Amino acid sequence: FVKRSGKSGWQLYGSHIRTQFDQKYLLEKRLRLAVENQSFHLEFQPQISGADHRLVGTEALIRWKDDQLGHVPPARFLPVAEESGLMNRIGEWVLEEACRTAASWQKEGLSIRMGVNISPSQFQRADFVQTVSAVLAKTGLAPELLDLEITENDLLYHQDSCLHILQRLKEIGVKLSIDDFGTGFSSLSYLRQFPVDTLKIDKSFIKEVYENKNDQAIVTSIIQLAHNMEMRVIAEGVEEQQSLPFLMERNCDELQGFYYSRPVPPEKILLFHKELPS
Ligand code: C2E
Ligand code: MG
Ligand code: MG
Ligand code: MG
C-alpha cells in the first residue's frame, strides 16, 4: 500500500514535470513556426520630452499572437527563443521592421527616434554591426534615429566583448541606451568606458516615485549622474500624473509609460503625434 501510494506520488510528480516539459515543447514548436512565417508584429510606445511634451521617440516592442496559444507576452517567449537559438532571427526581423516603420514616418514628416531592444545573442554576433549598417542602408533610416537598447545586466555580463562592439556602433552613428538602469549588479565604473547616449531608469523606481522617498533619492541621483556624464535620461513606466512634477523639476529629459500611452500599432503613432495634449 505504501509502495503503491509512493508510486502514485511519483507518477503525479512525474506528470507535473511532463506537463511543464510539454508546454515548453509546444511553445518552442509554435515559436519555430512563427519564425518561419514571420507571424510577429510590433507595437510602439511613445517617448515624450519632459521640457515641452513633444513626441520625440518610440520604443518598438514585439508582439506574438499564435493561433493555438493566443497572445504570448515577450517575457514568456523571448527566453525560450534565446535558449533554442531562435533569438537572432527574431531580433533581425524586429530591427528591420522597426527601421522600416521609422523610415516611413520620416517620409510623413515625423522624424523621431526608434528604440529597438537588442538581446545579448544578437550583439555578440561577429556580424552584428554589419547587420545594423545593412538594415539602415536597406530601409533608408538616418542612423541617428536608431536607438539600440541593451539592458544593464546584459551589458555587465558581457562587459569585455561589449566595449569594442559599442564603439563600432557609435562609428556608424546610431544611439545607444542602457535599459532597465539601476537593476543591474553594477559597479558604475563600467559607465566610464562605454560610449552610451541614454540611461533608461527602470520602471520599478518610477512606479511610486511621487510618494516613496527611497525611490526619489535613487531617481534624483540617476538623473544627476546621467547629466553630469552628458547623457540623456528617460523615465520608464510613468503611470501616474502625480509623478510628473517630481520628474520635471529634476529635468528628466524624457518620459515613457502608460500615463501617456500603452504600446500601440504604428498608425496610432501618427495620430498621437497630431493629438498630443500640451
Ligand atoms: P523593456 O525593454 O524594459 O520594455 C518596457 C516594458 O514595460 C514593455 O513591456 C512595456 O509594455 C512595459 N511598460 C511600458 N510602460 C509601462 C508602465 O507605465 N507600467 C508598466 N507596468 N509597464 C510599462 P513588454 O512589451 O511586455 O516587454 C517586456 C520586455 O521584453 C521588454 O522590457 C524587453 O526587455 C523585452 N522585449 C520586448 N520586445 C523586444 C524585442 O523586440 N527584442 C528584445 N530583445 N526584447 C524585447
Ligand atoms: Mg527597452
Ligand atoms: Mg526597461
Ligand atoms: Mg527589460
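**Close-up 1. Asp 180 and other polar partners of ligand 1 in this predicted model.** A polar side-chain atom of Asp 180 comes within 3.2 Å of an oxygen atom of ligand 1, a polar contact here being a pair of N or O atoms within 3.5 Å. Look next at Glu 239, where a side-chain N or O atom is 2.5 Å from a nitrogen atom of the ligand. Phe 258 takes part through its backbone: one of its N or O atoms there lies 2.8 Å from a ligand oxygen. Taken alone, ligand 1 has 800 Å² of accessible area, and the protein covers 82% of it (Shrake-Rupley method, 1.4 Å probe).

This is a predicted model, in which local features need pLDDT of at least 70 and side-chain atom pairs pLDDT 80 or more, while totals for chains, interfaces and linings use all residues. Residues are numbered from 1 along each chain as its sequence is written, chains are lettered from A and ligands numbered from 1 in the order written, and side-chain values use heavy atoms, without hydrogens and water.

**Close-up 2. The pocket and shell of ligand 1.** Ligand 1 sits in the largest pocket. A pocket is an open set of points, on a 1 Å grid over the protein atoms alone, where a 1.4 Å probe fits, with protein on both sides within 12 Å along at least five of seven lines; sitting in it means that more than half of the ligand's atoms lie within 2 Å of its grid points. Two or more shell residues come from each of β2 (55-66), α2 (74-83), α3 and β6 (175-181), with helices being DSSP runs of H or I of at least four residues and strands runs of E of at least two. The largest share, four residues, belongs to β2. In total, 21 residues surround the ligand (a heavy atom within 4 Å), and the closest include Arg 63, Asn 117 and Asp 179. By kind, the shell holds nine nonpolar, five polar and seven charged residues, with Gly counted as polar.

**Close-up 3. Helix α3 and the glycine after it.** Residues 87-107 form this helix of 21 residues. From first C-alpha to last, α3 reaches 30 Å, close to the 30 Å expected at 1.5 Å times one less than its number of residues. Just beyond α3, Gly 109 has a positive phi of about 90°.

Notes: A polar contact is a pair of N or O atoms within 3.5 Å; within protein, one must be able to donate a hydrogen and the other to accept it, and residues adjacent in sequence count only if both atoms are side-chain atoms. On a 1 Å grid over the protein atoms alone, a cavity is a set of points where a 1.4 Å probe fits but cannot get out, and a pocket is an open set with protein on both sides within 12 Å along at least five of seven lines; lining residues have an atom within 4 Å of a point.
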